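Here is a walk through one protein model and the ligand it holds. Keep the structure open as you read.

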Amino acid sequence: MSKILVTGGGLAGCLLAIYLARRGHEVHVLERRSDPQKDASSYTDQAYFRGLGVTMTARGIKAVLDAGIPKKELELCGESINGMSFFVGGKSKIRKLEPIDNLSPLSLDRYAFQKLLNKYATINGVNFHFEHKCIDVNLEQKSLTTLDKNGDFNYISGDLIIGTDGARSKVRQAMQNAIRKFEFQQTFFKHGYKNLVLPDATSLNLRKDLLHFFGMDSKGLFCGRAATIPDGSISFCICLPYEGAVSLKMQNTLDISQFFSRYLPPMPKDIHNEMIKQFIEKPSNDLINVSSSTYHYKQNALLLGDSAHATAPFLGQGMNMALEDAQIFSELLEINRDDFQKSLSEFTQLRKVEADAMQDMARANYEVLSCSDPIFLMRAKYANYMHKKFPEKYPPDMAEKLYFTSTSYSQLYSLQKKQNVWYKIGRIH
Ligand SMILES: Cc1cc2nc3c(=O)[nH]c(=O)nc-3n(C[C@H](O)[C@H](O)[C@H](O)COP(=O)(O)OP(=O)(O)OC[C@H]3O[C@@H](n4cnc5c(N)ncnc54)[C@H](O)[C@@H]3O)c2cc1C
């Protein structure tokens, strides 16, 4: 049994902790926020106290179930998704998704899911240290210094440090300092975002079982997504440029109102006004892409989830990949009989190529979601038709594989490229 220090008890950190505890390790999770079972405030939308919807696809679901969490309990955290709706030119065009493995994607209440993970981590004997912010990482000594809510410094050491502390990871920073040729790139997308949350989505008449996308007719100006979660609330993620007439900087009620009327579905006056109010009041957030050349340091430390490969949410895969990371690392420990040295370097080898493919696809998807392409939906139909007719030659539709299977991102990416070639050939003839 080894003592493992997990820095960051978010989604990846908690699921990983469950896997490690189930393997018999002594696991300590150091989390700067408070205990989600006792205090919701740091886990939910600060202004409107609601959890925000994130989409969990088959790979995320499989990673959670594999850790021994019952499917029924997971399903209570989300709404089942059966398709996507693209709001173009004032009308919604629906693309149905056909389940492959009897697993439907979920639009998750993030807070409910976090509580579920914490519940099962506690059941499996994970030791939580809430309100402990990691402020220093000593990779050679495999130790951490934290600052707790009383302003006291604490020191803890173990046999392995795992950084699941998100896009601005402290563990990754320590690795940057320690590894001579550590290559690291942090890029910001041209757009940032605001999350607008309505506690009751009923009057919007948007189907709960669809993911709603907006902005395809905005010529690259903006991209928006909305999803309902089981408590009945809906969150709109609005991605816009930071500057300009139509941007996150808009403060003029009329400008915002015109923007909403032009691109979002029709809504009752009071809801429309509430959205404008939130847009003015809420802060904007950045969309960061993080890429590191390695995810491990000797046999001492590992990065997993957003700390290794944070990306913008245009493919809806950041959390899914983070959860799958935890599952894959546990599988490597099983194969290598908990040999950290082997498992850590194999993790980098396996996951780096997947993260790169996932990030490339996310960037490409942004262009699709924010640019006018009236043939986009026809193209999906064409792909399905062709695959049914020529299953050996024509690859299946990438989106369905992404939502319903755990096909590796690198395979999906090459599938997408192949489809693009086929599609071009199809258009030429
Ligand atoms: C607007 C938006 C929408 C998204 N939608 C989707 C989606 O639909 N589907 C999807 O798969 N992904 C989505 N994502 C991405 C997803 O949110 C992330 O990929 C996911 O949260 C990564 O999980 P994580 O545990 O690695 O990191 P995080 O969720 O960032 O968790 C990091 C944890 O570490 C803690 N921490 C940080 N620093 C310290 C420290 N110094 N000391 C102690 N604790 C620390 C934090 O408090 C937090 O609990 C979206 C992201 C955004 C921004």
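Over the ring of which residue does the charged end of Arg59 sit? The ring belongs to Tyr409, and the charged end of Arg59 is 3.9 Å from its centre. Keep in mind that this is a predicted model. A second charge lies over a ring elsewhere: Lys194 is placed over the face of Phe279, at 4.8 Å from the ring centre.

Stay with Phe279. This residue belongs to an aromatic cluster, together with Phe222, Phe259, Phe260 and Tyr263. Across the whole structure, a search turns up eleven aromatic pairs. Phe259 and Phe260 make up one such pair. Their ring centres are 5.8 Å apart, and the planes meet at 45°. The pair is classed as tilted because that class takes the angles left between stacked, under 30 degrees, and edge-to-face, over 60. Are these two residues buried or exposed? Phe259 has a relative accessible area of 5%, so it counts as buried, the limit being under 20%. Phe260 is buried too, at 2% relative accessibility.

Now turn to the sheet. Six strands build it, and the sheet is open. Read across, the order is β8-β2-β1-β12-β20-β19, with mixed pairing. Two strands mark the edges: β8, residues 127–130, and β19, residues 296–297. Each of these edge strands has a pairing on one side only. Strands in a sheet pair through backbone hydrogen bonds, in a parallel or an antiparallel sense. Look at β12 (residues 160–163) beside β20 (residues 301–303). These two run parallel and share three bridges. Here Ile162 stands opposite Leu302 of β20.

Strand β2 leads on to the ligand. This strand, residues 26–31, supplies at least two residues of the shell around the ligand. So do β3 (53–56), β9 (132–138) and the helices α1 (11–22) and α9 (318–335). Which residues come nearest? Of the 29 residues around the ligand, they are Glu31, Arg33, Thr55, Arg110 and Asp306.

The backbone takes part as well. A polar backbone atom of Cys134 is 2.8 Å from a nitrogen atom of the ligand. For Met319, a polar backbone atom lies 2.9 Å from a ligand oxygen. Gly318 also places a polar backbone atom by a ligand oxygen, at 3.4 Å. How much of the ligand does the protein cover? On its own, the ligand has 1,000 Å² of accessible area, and the protein covers 89% of that.

Technical notes. Residues numbered from 1 in each chain as written. Predicted model: local features only at pLDDT ≥ 70, side-chain atom pairs only at ≥ 80, totals over all residues. Heavy atoms only, no water. Pairing = 2+ DSSP bridges. Helix = DSSP H or I, 4+ residues; strand = E, 2+ residues; numbered from the N terminus. Phe/Tyr/Trp six-rings, centres within 6.5 Å; stacked < 30°, edge-to-face > 60°. Buried < 20%, exposed > 50% of the residue type's maximum accessible area, 1.4 Å probe, protein only. Lys NZ or Arg CZ within 6 Å of the ring centre and 35° of its normal. Near = heavy atom within 4 Å. Polar contact = N/O pair within 3.5 Å; in protein donor to acceptor, adjacent residues only side chain to side chain. Areas by Shrake-Rupley, 256 points an atom, 1.4 Å probe, with all protein chains shown as cover.
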